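Reader: I'm just starting out with protein structures and I'd like to look closely at one part instead of skimming everything. Could you take me through the biggest hollow inside this one, and then show me what is around it?

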Number of protein chains: 2
Amino acid sequence: MTTNYSYKELYNFAKKIFLAIGCSDQDAIQATNTLLSADLRGVDSHGIARLIGYVRLWESKRVNPKPNITVVHETPSTAVVDGDKGLGLVVGPAAMKIAMEKAKNVGTGWVAVKNSNHYGIAGYHSMMALEEDMIGFSFTNASPLVAPTFGKERMLGTNPISVAIPAKNEPPFVADMATTTAANGKLEILQRKNEQAPLGWVQDKEGNPSTDPGAVKDGGALLPLGGSPKNAGHKGYILGSVVDILSGVLSGANYGPWVPPFVSFLPVSDNPVGEGLGHFFGAMRVDAFRPKEDFLKHMDQWIGRFRVTESINNEKKVKIPGDPERMFEKERKENGIPLLKPVVDSLKNLSEKFDVDLPNPN
Amino acid sequence: MTTNYSYKELYNFAKKIFLAIGCSDQDAIQATNTLLSADLRGVDSHGIARLIGYVRLWESKRVNPKPNITVVHETPSTAVVDGDKGLGLVVGPAAMKIAMEKAKNVGTGWVAVKNSNHYGIAGYHSMMALEEDMIGFSFTNASPLVAPTFGKERMLGTNPISVAIPAKNEPPFVADMATTTAANGKLEILQRKNEQAPLGWVQDKEGNPSTDPGAVKDGGALLPLGGSPKNAGHKGYILGSVVDILSGVLSGANYGPWVPPFVSFLPVSDNPVGEGLGHFFGAMRVDAFRPKEDFLKHMDQWIGRFRVTESINNEKKVKIPGDPERMFEKERKENGIPLLKPVVDSLKNLSEKFDVDLPNPN
C-alpha cells in the first residue's frame, strides 16, 4: 500500500519544486527542511503529501515565493512580523529566529506573525529553540473546521500548541498537539479503512454527535479536545481560542472563521479582518530563570521519573512527549519514508508540471 | 441546603482569620481578595471553603504568615521569585506585579515562583493584567492526583491554565481551566448527590475506567483532559506536564509526584526535589505588538463573532470564556454567596479557634 523513499531523494525533489516556483536557494532549503521534518517525525499529513497544496496556493497567487519578511513593530522582548505572503515554512523559522535573538538579549522573545500561510508542523519551529538551550513555543491558527462547544458552525482551526523543552542526557520534551480530539489526517485514515470514529471526534452538520469519519467533509465539524460538553469539550474550545487570538488578533492576521483555508479550492473571505494567516512564537532562555545546569539536571529527573510511572499494563508504558516522533525519526532515517499511492501520484503530477525527475523509491 | 452570606460579611471574617494567623494587614487584605474571588466567580471549591485548609497548613508550619518575598534571579523580561513559604494567595499577586512591571519596561514579563503553596483560582492572577491592557497568564502545579496516559500512579496536579485578554466594549476573554476533564470539586458534588460520573473523568486504583466519583479517594486518579487514550487523553497529560515544568522545574520548586499536597494530613515528601509548590506568570503589553486601539477593536470583533455562532439548539448559545463566571459574580454580589453546611461548620470551627465573630447570614 506504500512505497518507501529515502529522505534524501524526497529532499532533493521537494527542494527542486520550491526552486521551480521561484524560491531562492536559501528559502527552498528552509522550506524543504520544515516540510520534511513532518515526514521524518511520522506526521504524514503535514509533510511531502502537502507539497502539491503549497504549489496550488502559489498558482492561485496566495503564496509569494520571494517574500520580503519584515518586522513592523517591536519592543525589546516582542515583535510583529509581516510574512509578505511567504510560505509559512519559511516565514515561521525567520520569526522564530527573531524570538530567539530577543531571548538572548532580554531573557525571552515573543513574535506574532501576520500575512503568512500554513507553516508545516508546529514542532519544527518550537524545536529550533533547543539548539540554544531555550524553551520554544509555537502556535498557529488554521483553516476553520472546528465547532465551539454548543455551536454547529466551523469557527476555529485545529490550532496546535507546541512546546519544546531541553534536557541534559534525556532527549528533549517536545509537545506538539492539535487542540482538537483528533486531527483531520486521522479521519482520512479511518475513511480509507472504512472504519468508524470514536464518539467525541466529530459532529455532523446539524451538530449531532457522529462516528462517521466523513462527517467533516459533509459539512460537519471537528470537535475541540474533550469532545462533548460533559467531557469538557469547552476546554479544547478555550485552548483553540487562545491560540487563535495570539496568532491572529495580536498580529493583525485573520482569525476565527476568517482564516484563509489551506485548500486553494475553498474561497478566501471577501471581507478579511486581517492579513493572511497568523502564528505566534516564543523563546525563553532557561538561564534567564536558573543556572542552566540546574535546569537541565531537573528536566532529566522529571523525564526519568515520568518514564517509570507505574503503568496499567506492562505492554504500554507512560511516554514522554516527543518519544513517538523520535521513534519514527530513527526508523525513517534508516529505512526511508513510506508514501501512499495518492501521495506518489501527486509527486508525479508535480514532476511533470515542473519537469523535475521523480524521486526513486528505495 | 445552603445559607447565603454577603460578600462583605465573609470578607471581614476571612480577613480577621488571616490577621489571627499573623499576616500583616496588607497581606490579610490581599489573601482575602484572592481567596474570595473564587466564591464570587462561582468556583466554590477554591474559595472560603478552603480557609480552614490554609489555617491547617499554617498549623503544620507549612505556611509562613510573614514571608520575605524576594527576587532571586532576573533578566529584563524574567524573574524567579522565592515565596518564602508565604500564602500562595499573597505570593501570587506579588509575582504577577513583577511580571507586569517587566512588561511595562520591555514588552513582556515572565515570573516563575518557588517556595509557595496553593494560590486560589488561577484566574485571579491572570486578570490582574487586564487593568493595564495586558494579556495575563497564570499557571500552577498542585497536589498529585492525576495519572498520565497509560499510568496508574498519581503524578500530576490538576495544573490549571489561565489566560486573560482585554477587550474594548466587550468584557474580557478569561480562560481558567484545569488540565483534567473534571476538577475534584465536581466529583465531590456527584458524591453528595449519589450520582455516577461520566466515563473519562476518573479511573480506579488499578487504572480501570470508572464512573465512581469516589474512585480518586479510594486510590484512583483523575484523568487528564480528553480522558481515555482514544479520546486523546494524552493531550491533557501533555498540557498538565507543560504547566508542571514551567511552574516547578523552571522555578526550582517541587514538581510531579513531589509537589507538596494542599491537604495537610498527607505527608510532604522526605526527599523533595525543590522548594514548596511552584507557579508561573506572564504579562504581555498588547501595545508591544500592535496599537492598543487596534487590538481592542479586533478583540471586540472576535468576541462578537463567536457570540453569534450558529448554535445546535437555541437554548444553549456558544459562550465566551469568562461569561459563566461573570454571571455568577453579578448574581452573588447582589444576592450573596451560598455556603453549604460543611463550609459553614468549618467557619464556626475557625470562629471558635480564633475568637472571631461568625459572619451573619443574609
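Author: Here's a walk through that hollow, followed by the two copies and a few helices and loops. Keep in mind that this is a predicted model, so every value here is computed.

Let's start with the hollow. The count of cavities of 30 Å³ or more comes to three, and the largest of them holds about 360 Å³ of space. Its lining is made of 22 residues. If you want to find the middle, look for A:Phe137, A:Phe139, A:Ile161, B:Phe137 and B:Phe139, which lie nearest the centre. Both chains chip in: strand 5 (134–140), strand 6 (161–165) and helix 7 (233–249) of chain A each supply at least two lining residues, and so do strand 5 (134–140), strand 6 (161–165) and helix 7 (233–249) of chain B. The top contributor is helix 7 of chain B, which gives five residues. What kind of residues line the cavity, by class? The lining has 22 nonpolar residues, with no polar and no charged ones.

Now for how the two chains relate. Turn chain B by 180°, with 0.0 Å of shift along the axis, and it superposes on chain A with an RMSD of 0.0 Å. That is the relation of a two-fold axis. The same surface serves both copies, as 100% of the contact residues of chain B recur in chain A. To spot the axis from chain B, go to B:Gly226: its C-alpha is 2.2 Å away, the closest that chain B comes.

Next, the loop between strand 5 and strand 6, since you've already met those two strands at the cavity. In chain A, this loop holds A:Asn159. Is A:Asn159 buried or exposed? A:Asn159 is buried, because its relative accessible area is 0%, and the cut-off for buried is under 20%. Leaving out residues up to four places away in sequence, A:Asn159 touches A:Thr140, A:Asn141, A:Ala142, A:Thr179, A:Gly240, A:Val243 and A:Asp244. In chain B, the loop between strand 5 and strand 6 includes B:Phe150, which has a positive phi of about 80° although it isn't a glycine.

Another positive phi turns up by helix 6. In chain B, this helix covers residues 184–193, and its buried residues are B:Gly185, B:Leu187 and B:Leu190. Among what covers them are strand 8 (202–203) and strand 10 (221–222) of chain B. After helix 6 of chain B comes B:Asn194, with a positive phi near 60°. Over in chain A, A:Asn194 sits in the loop between helix 6 (184–193) and strand 8 (202–203). A:Asn194 has a positive phi of about 60° too, although it is not a glycine. A:Asn194 counts as exposed, because its relative accessible area is 72% and exposed means over 50%.

Last stop: helix 1 of chain B, residues 7–20. Its 14 residues reach 20 Å from the first C-alpha to the last, close to the 20 Å expected at 1.5 Å a residue. Its buried residues are B:Leu10, B:Tyr11, B:Phe13, B:Ala14, B:Ile17 and B:Phe18. Here's a handy idea for reading that list: an α-helix has 3.6 residues a turn, so residues three or four places apart point the same way. The cover over the buried residues of helix 1 includes helix 2 (25–40), helix 4 (88–106) and helix 10 (341–354) of chain B. Just after helix 1, B:Gly22 takes a positive phi of about 110°.

Conventions:
Residues numbered from 1 in each chain as written. Chains lettered and ligands numbered in written order. Predicted model: local features only at pLDDT ≥ 70, side-chain atom pairs only at ≥ 80, totals over all residues. Heavy atoms only, no water. Helix = DSSP H or I, 4+ residues; strand = E, 2+ residues; numbered from the N terminus. Expected span 1.5 Å × (residues − 1). Buried < 20%, exposed > 50% of the residue type's maximum accessible area, 1.4 Å probe, protein only. Contact = heavy atoms within 4.5 Å. Least-squares fit on C-alpha atoms with pLDDT ≥ 70 in both. 1 Å grid on protein atoms, 1.4 Å probe; cavity = no way out; pocket = protein on both sides within 12 Å on 5 of 7 lines; lining within 4 Å. Points joined across faces, edges and corners; volume = space filled by probe spheres on them. Nonpolar A, V, L, I, M, F, W, Y, C, P; charged D, E, K, R; others polar.
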